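Dear colleague,

I am handing over the structure we spoke about, and it is shown just below. My notes on what was found in it follow, beginning with a small question that you may like to try on the model yourself.

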Amino acid sequence: MKSGFVHLLGKSNVGKSTFINRVVGDKVSITSDKPQTTRNRIKCIYNREDAQVVFLDTPGIHRPENPLGSHLVDEAKKGIKGSDIILYMVEPWEEVSEDEEPFLKKISSQDADLILLVNKVDIHPPEEIARTLEAYEKEGIFDEYVPISALTGDGIDIALDEVIDYLPEGKKLFPEDATTDKPLGFLMAEMVREKVYELTYEELPYSVATRTRDQEWRDDEDLVEVYMDIYVVRESQKGIIIGQGGKKIKEIGKRAREDLERLVGSKVYLDLKVKVAKNWNRNSDSVETLAGFDSD
Ligand SMILES: Nc1nc2c(ncn2[C@@H]2O[C@H](COP(=O)(O)OP(=O)(O)OP(=O)(O)O)[C@@H](O)[C@H]2O)c(=O)[nH]1
Ligand SMILES: [Mg+2]
């Protein structure tokens with residue numbers, strides 16, 4: 001039996017959370033085509049007869065522009081020391097960028113084994129993938145290199161086999177039926193935030209935080225009532241989220257409810273309220289509360 005912790009790192013939007021969901025076979029971490037979607041470290045658990053892998057999905061590494069951004073980068077780097085393996089994910093961008101160098105140096109100085117995942121091979125020609133592999137090989141710090149597509153599933157089994165190969169012997173660390181360490185209220189709030197990311201543009205996604213205010217289980221009716229707050233940074237954004245005649249918030253609710261019902265396995269009544277928390281993303285204390293960093 002093998003078990004251990006695998007820290008997944010990489011720039012924003014490279015496909016870390018898509019990879020995690022594909023491996024775990026469940027939607028444990030939200031994804032979007034916009035950078036800085038993941039805001040918390042999320043433990044995601046993969047079970048096999050001979051192994052249990054605890055993956056840590058993390059926010060994307062980027063140059064922070066406000067206190068929210070700084071928190072995201074800090075979150076991503078926390079706990080690197082305790083991991084058995086570091087998975088570093090890139091896209092086939094053919095070269096190692098200058099801003100990655102200090103980061104690569106930092107991860108190579110850890111005790112953990114290092115595996116490079118080159119994601120999104122489904123939309124890149126083989127030459128670009130080969131040049132990318134070559135560029136990272138030159139760094140001389142990685143133990144393995146695996147091209148994958150988190151979207152199509154290509155190479156995922158190979159990546160998993162490599163990970164398990166490098167894992168130490170050990171017992172299961174979590175119950176077998178758990179796929180994440182996060183509480184239900186957190187997961188539900190994330191799913192609503194994902195729909196806001198799908199349906200809004202420009203700075204709005206980065207201004208939004210979601211919190212589950214209350215959840216009430218009505219066992220007799222096979223129904224869960226979920227009361228959710230959506231926070232924006234200023235009054236004018238409230239109208240954008242609500243939309244004309246409430247059209248946008250209705251669509252957010254409709255899409256989120258489908259995910260929530262799958263998550264909880266029963267019917268969901270979802271009540272969404274939009275609130276203003278003035279400039280919450282520019283203030284470290286409100287970032288702590290509203291970006292969910294206090295929920296570990
Ligand atoms: N074509 C293609 N798209 C992918 C693949 N993996 C992820 N994507 C897309 O890339 C975008 C970003 O995916 P995420 O999984 O949210 O990326 P992330 O690295 O978790 O991003 P952050 O949480 O913001 O750091 C989404 O639109 C995904 O659908 C892939 O293998 N191929
Ligand atoms: Mg992510």
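In which loop does Glu-202 lie? Glu-202 is found in the loop between α6 (184–199) and α7 (204–207), and its phi is positive, at about 50°, although Glu-202 is not a glycine. With 9 C-beta neighbours inside 10 Å, where 12 or fewer make a residue exposed, Glu-202 counts as exposed. Please keep in mind, here and in everything below, that this is a predicted model.

Gln-36 makes a useful companion to that residue. Its phi is near 60°, again a positive value in a residue other than glycine, and Gln-36 sits in the loop between α1 and β2. Gln-36 has 20 C-beta neighbours inside 10 Å and therefore counts as buried, since 20 or more is the cut-off for that class.

As for the overall picture, the protein chain has ten helices and nine strands. Its radius of gyration is 20 Å, close to the 19 Å that the globule rule gives for 296 residues, so the protein chain is as compact as a globular protein of that length. Along the principal axes, the C-alpha trace spans about 55 × 45 × 35 Å, and buried residues make up 37% of the 296 residues. Among the contacts with a separation of 6 or more, 70% are between residues that stand 24 or more positions apart.

The domain assignment divides the protein chain into domain 1 (2–166) and domain 2 (184–295), whose C-alpha centres lie 27 Å apart. Across the boundary, 13 residues of domain 1 are in contact with 17 residues of domain 2, and the side of domain 1 that touches domain 2 consists of three nonpolar, six polar and four charged residues.

Ligand 1 has 24 residues around it, of which Gly-15, Ser-17, Thr-31, Thr-38 and Gly-60 come nearest. By class, this shell divides into six nonpolar, 14 polar and four charged residues. Helix α1 (residues 16–24) gives the most to the shell, with three residues.

Helix α1 also deserves a look in its own right. Its buried residues are Lys-16, Ser-17, Phe-19, Ile-20 and Val-23, and they cover an arc of only 155° around the axis, which puts them on the same side of α1. The general background is that an α-helix has 3.6 residues a turn, so residues three or four places apart point the same way. The buried residues of α1 pack against four strands and a helix, namely β1 (2–10), β2 (42–48), β3 (51–57), β4 (85–90) and α5 (156–166). After α1 comes Gly-25, whose phi is positive, near 75°.

Finally, I would point you to Tyr-231, which has its place in strand β8 (residues 223–232). Because it has 24 C-beta neighbours inside 10 Å, Tyr-231 counts as buried. Leaving aside its neighbours within four places in sequence, Tyr-231 is in contact with Val-208, Ala-209, Lys-275, Ala-277, Trp-280 and Leu-290. For one of these, Leu-290, the C-alpha atom is separated from that of Tyr-231 by 8.1 Å, while the two residues are 59 residues apart along the chain.

With best regards

Terms used:
Residues are numbered from 1 along each chain as its sequence is written. Chains are lettered from A and ligands numbered from 1 in the order in which they are written. This is a predicted model: local features need pLDDT of at least 70, side-chain atom pairs count only at pLDDT 80 or more; totals for chains, interfaces and linings use all residues. Domain bounds come from an automatic or database domain assignment. Two residues are in contact if their C-beta atoms, placed from the backbone, lie within 7 Å. Ala, Val, Leu, Ile, Met, Phe, Trp, Tyr, Cys and Pro count as nonpolar, Asp, Glu, Lys and Arg as charged, and the others, Gly among them, as polar. A residue is near a molecule or strand if its C-beta atom, placed from the backbone, lies within 6 Å of it. Helices (H or I, at least four residues) and strands (E, at least two) are DSSP runs, numbered from the N terminus. The radius of gyration is taken over C-alpha atoms; the globule rule is 2.2 Å times the number of residues to the power 0.38. The arc is that of the directions from the helix axis to the C-beta atoms.
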